[in-house]
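User: I would like a close look at one part of this model, with the surroundings brought in where they help. Please take it step by step.

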Amino acid sequence: MTGNHKDTTITRRRALAVTGGTVAAGGLAVAGYQTAFADDATTTTTADATASATASESSGTCVLMSSVTEGPYYLDNALVRKDITEGKAGVPLTLRITVQDTTESCGPVAGAAVEIWHCDAWGYYSGYTTANPGGSAPAESEDGSTANDNTYLRGYQIANANGVVKFETIFPGWYTPRTCHIHVKVHTGGAKEDGTYEGGKVNYTGQFFFPDDAAEAIFALEPYSQHSGSYTTLDNDMVYDGGGASSGLLTLKPVHKKDVSKGYKGFITLGIDPDAENTGAGSGGGGEPPSGDAPTGTPPTDAPTESASPSATASS
């Protein structure tokens, strides 16, 4: 989203990674999501400031983040919304991301647009559901003819005065040959328009990663356990370089220490140069492009808005 896109047709941009195949697609349902994040309804600027401080302390203050490839599954026209689940089932995850200016005394980048996207519990990305996630996984959708029109697990949020954004999503699954991760871009200079972010430029392109022990615990649960195969650990991932927080490793806190199915809260600070431009095209690794067809069509007319609540009957 680096130009003024008036056409809301979803288009595939750059493809750099991952093996492919063709599968039919299958739905998931969400349950217990609002309960896990009931405290979010009363979040205030003070709470965001506290989250910002926590993220800075745990993930390294004022460190220019390592940029990497945007990966194979980027789509233009992600929606500006806090809840990106669209009915996808999985372990709840709240992400609090603080954007800092590494050129101006670690000050917050208020108004920065943080965009994230990631796969579902079985390794499928919206818009690319014909790409095989590797191993053995259920079909993503019963109706493969419209599956690529979906927009689940994609979205933007605009940073507040403290440089903080928050997303409500699920813990991602995995696909061959990658470890568990979330893609991220930081945009500045644009504006929210018609529910999407328009104009400006991309200052940072990267990925967030998860500790292996947390991923192992989550992948033993439903619906993740229905995806079998060889999971790639951090040490063997082709993108993560072992740099910890400065390389995108999230700090995770379980909602309930004795029951990880209740969800996690993830924190990280993104140190960026607001004057730089980094689209992620042509950088990093990622394997072969997927063999599935590029997505077509427009976002579903019933796609949830920024204020919508998750629904078990939402489009998957």
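In what order do the 4 strands of the open sheet run, and is the pairing parallel or antiparallel?

Analyst: This is a predicted model, and what follows is computed from its atoms. The open sheet has its 4 strands in the order β4-β3-β6-β7, and their pairing is antiparallel. Its edges are formed by β4 (154-158) and β7 (196-209), each of which pairs on one side only. With direction ignored, neighbouring strands of this sheet are turned against each other by 25° on average.

Going through the sheet in that order, one begins with β4 and strand β3 (residues 113-117), which pair in the antiparallel sense over 5 bridges; here Ala-113 stands opposite Ile-158 in β4. On the next step, β3 is joined to β6 by 5 bridges, and these two strands run antiparallel, with Glu-115 of the sheet standing opposite Lys-185 in β6. The last step takes in β6 and β7, which pair in the antiparallel sense over 12 bridges, and in this pairing Ala-191 stands opposite Glu-198 in β7. β6 and β7 also form a hairpin, with 2 residues between them, and Asp-194 in the turn has a positive phi of about 55°.

Strand β6 (residues 181-193) deserves a further look at its side chains, beginning with His-187, which is found in this strand. His-187 counts as buried because its relative accessibility is 0%, and its side chain is joined to that of Glu-115 by a polar contact of 2.8 Å. Glu-115 thus appears twice in this account, in the side-chain contact with His-187 and in the position opposite Lys-185. Lys-185, for its part, lies over the face of Tyr-74, at 4.9 Å from the ring centre. A further arrangement of this kind is found with Lys-253, whose charged end sits over the ring of Phe-267, 5.3 Å from its centre.

The aromatic side chains can be taken next, and a search of the whole structure finds 13 aromatic pairs. One of them is formed by Tyr-73 and Tyr-128, a tilted pair with 5.0 Å from centre to centre and 55° between the planes. Since Tyr-73 lies in the loop between α2 (45-59) and β1 (92-101), while Tyr-128 lies in the loop between β3 and β4, the pair ties together parts that are 55 residues apart in sequence. Both Tyr-73 and Tyr-128 are buried. Phe-219 and Tyr-224 form a pair that is likewise described as tilted, because their ring centres are 5.8 Å apart and their planes stand at 40°. Phe-219 is buried, with a relative accessible area of 14%, and Tyr-224 counts as buried at 1% relative accessibility. These two residues belong to one aromatic cluster, which is formed by Phe-171, Trp-174, Phe-210, Phe-219, Tyr-224, Tyr-231 and Tyr-264.

To set the sheet in the context of the whole chain, the secondary structure of the protein comes to 3 helices and 9 strands, and from the N terminus on these elements run α-α-β-β-β-β-β-β-β-α-β-β. Of the 316 residues of the protein, 54% count as buried, and His-187 in β6 is one of the residues that count as buried. Among contacts between residues at least 6 apart in sequence, 84% join residues at least 24 apart.

Note on methods: Residues are numbered from 1 along each chain as its sequence is written. This is a predicted model: local features need pLDDT of at least 70, side-chain atom pairs count only at pLDDT 80 or more; totals for chains, interfaces and linings use all residues. Side-chain values use heavy atoms; hydrogens and water are left out. Buried means under 20% relative accessible area, exposed over 50%, partly exposed in between (1.4 Å probe, protein chains only). A polar contact is a pair of N or O atoms within 3.5 Å; within protein, one must be able to donate a hydrogen and the other to accept it, and residues adjacent in sequence count only if both atoms are side-chain atoms. Two strands pair if DSSP finds at least two bridges between them. Axes are lines fitted to C-alpha atoms, for helices over the stretch in contact, and angles run from 0 to 180 degrees between N-to-C directions. Rings of Phe, Tyr and Trp (its six-membered ring) pair if their centres lie within 6.5 Å; planes under 30 degrees apart count as stacked, over 60 as edge-to-face and the rest as tilted. A charge sits over a ring if NZ of Lys or CZ of Arg is within 6 Å of the ring centre and within 35 degrees of the ring normal. Contact means heavy atoms within 4.5 Å.
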